[in-house]
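Reader: I am in my first year of study and should be grateful for a careful explanation of a protein model. I would ask for a close look at one part, with the rest serving as its setting.
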Amino acid sequence: MKLFDCPHCGHRLYFENAQCLNCASPVLYDPADARFVLSGAGGVFQCTNADECACNWMAEPGHAFCRACELNQLIPDLSVDGNRRRWIRVEAAKKRAIYSLLAAGLPVVPKRNAGDEAGLAFDFLADPIGGPGGARILTGHDNGLITLNVAEADSAERERRRVEMGENYRTLLGHFRHELGHYYWDRLIRDDPQRLAAFRALFGDERVDYEQALKTYHAKGAAPDWQQDHISAYATSHPWEDWAETWAHHLHITDTLEMVHALNFPLGRLETVEANELSRSDTGGELQPAPSEPAAVLEPFEKVLARWLVLSEASNSINRCMGLPDLYPFVISEVTARKLAFVHELLTVVKETGTKREPAEAF
Ligand SMILES: [Zn+2]
Ligand SMILES: [Zn+2]
Ligand SMILES: [Zn+2]
């Protein structure tokens, strides 16, 4: 994520703002240009969901909804107490996830109908209020339809599930990135023999029985040495879950580094060395502000990882000073780094050339 400017006065805006705190102009996020525009100016209108779920994106030209809300198929029953508050939190996380997809140049196309496999859609549902016996809503992905149980928007409930599942990280944004990982596996890897072969070499053969693999995982858990080749215990359950977890982590890492870059935040020695090398050659010692386009996706992954290791160690240490859990409670092993690099190379190719690749290339 980056920082934004008010289109009227230039004051800093954050991604969730709907009004400038300096000049009081009503502003809307324009996903096509990744910037804020003035509401009402030049035929720019707010999304129909503005008053429903605090959406601050502009409606697509000629449409009622914005590019993100357009993807919603079902929303929770708003007559149920608390559901609107939950939906608002869910939408905020979803929009951050979609920001990264658009920044990466990934296709974000609404599902036209249930049979349209290539499109993307969301169902945000609450467990039936009938109490025990009613079917539970499971968060997951199925052919481009991502279902999320809005109970995950309640921090007490999400924390209960996190402990129950033995996880050390559980967030709405993490759910979206994980489920979207499944969707983009279908889009970018499934039907491409070369990418599929490269995927299997790293993540394993996804043709092993998925249902059975998950059952086994839930019954027995991960092997004690899982950190040697997986980013999370859950990633050991099946190659698809390994992929979705790794994909989500790549987005956690690049999105966070983008913000660090936008803040022009020094990354200790690493950043100083790089900045000095840059500045001495062309500015006679004056440090230059960070360039406006971070393009983390287009950097070599070793560089991204080196920055991330510095930042995550620093952030974890800072959090501990405040008595908070680690910002990034994960270990990136050599094997996990190779899996992250695979996601990185794939996203680099998508960013540079679109989702179709030249036949001769490995990605
Ligand atoms: Zn302003
Ligand atoms: Zn909207
Ligand atoms: Zn999954």
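Among contacts in the protein between residues at least 6 apart in sequence, what percentage join residues at least 24 apart? With that as background, please examine helix α10 (residues 334–353).

Author: The model is a predicted one, and every statement below should be read accordingly. Of the contacts between residues at least 6 apart in sequence, 56% join residues at least 24 apart. The protein has 363 residues, and 32% of them count as buried. Its secondary structure comes to 10 helices and 8 strands.

Two pairs outside the helices illustrate how residues separated along the chain can meet. The first pair involves A18, which lies in the loop between β2 (12–13) and β3 (27–30). A18 and N56 are 38 residues apart in sequence, yet their C-alpha atoms are 5.4 Å apart in space. Leaving aside residues up to four places away in sequence, A18 touches P26, V27 and N56. A18 has 17 other C-beta atoms within 10 Å and is therefore partly exposed.

The second pair involves L125, in strand β6 (residues 121–125). Between the C-alpha atoms of L125 and I75 there are 6.1 Å, although 50 residues separate the two along the chain. With residues up to four places away in sequence again left out, L125 touches L74, P76, I137, T147, N149 and V150. L125 has 20 C-beta neighbours inside 10 Å and so counts as buried, because a residue is buried if 20 or more other C-beta atoms lie within 10 Å of its own.

We now come to α10 itself. The span expected for the 20 residues of α10, at 1.5 Å a residue, is 28 Å, and this agrees with the 28 Å between its end C-alpha atoms. The buried residues of α10 are T336, K339, L340, F342, V343, H344, L346, L347 and V350. These buried residues pack against α4, α5 (193–203), α7 and α9 (301–321). After the helix comes G354, whose phi is positive, near 85°.

How should one describe the packing of one helix on another? Two packed helices are described by the angle between their axes and the distance between the axes. For helix α7 (residues 239–262) and α10, the angle is about 70° and the axes are 9 Å apart. The two helices, α7 and α10, are thus roughly perpendicular. On the α7 side of the contact stand T246, W247, H249 and H250, and on the α10 side K339, L340, V343 and H344. By class, the residues of this contact of α7 with α10 divide into 3 nonpolar, 4 polar and 1 charged. The α10 residues named here, K339, L340, V343 and H344, also appear among the buried residues of that helix.

Another partner of α10, helix α4 (residues 172–190), deserves a description of its own. Its 19 residues reach 26 Å from the first C-alpha to the last, close to the 27 Å expected at 1.5 Å a residue. At Y184, α4 bends by about 35°. Because 14 of its 19 residues are buried, α4 is largely enclosed by the rest of the structure.

Two of the partners of α10 also meet each other. The axes of α4 and α5 come within 8 Å and cross at roughly 120°, and the two helices are therefore oblique to each other. In this contact L188, I189 and R190 of α4 meet R195, L196 and F199 of α5. The contact of α4 with α5 contains 4 nonpolar, no polar and 2 charged residues.

Finally, phi merits a comment. Most residues other than glycine have a negative phi, and most peptide bonds are trans. While the positive phi near 85° after α10 belongs to a glycine, G354, two residues other than glycine also have a positive phi. The phi of A34 is near 50°; A34 is found in the loop between β3 and β4 (35–38). A34 has 13 C-beta neighbours inside 10 Å and so counts as partly exposed. The phi of N143 is likewise near 50°, and N143 is found in the loop between β7 (140–142) and β8 (145–149). N143, with 15 other C-beta atoms within 10 Å, is partly exposed.

Note on methods: Residues numbered from 1 in each chain as written. Chains lettered and ligands numbered in written order. Predicted model: local features only at pLDDT ≥ 70, side-chain atom pairs only at ≥ 80, totals over all residues. Helix = DSSP H or I, 4+ residues; strand = E, 2+ residues; numbered from the N terminus. Expected span 1.5 Å × (residues − 1). Bend = angle between axes of the 7 residues up to and from the residue. Buried ≥ 20, exposed ≤ 12 C-beta atoms within 10 Å, placed from the backbone. Axes fitted to C-alpha atoms, helices over the stretch in contact; angles between N-to-C directions. Parallel < 35°, antiparallel > 145°, perpendicular 65-115°, else oblique. Contact = placed C-beta atoms within 7 Å. Nonpolar A, V, L, I, M, F, W, Y, C, P; charged D, E, K, R; others polar.
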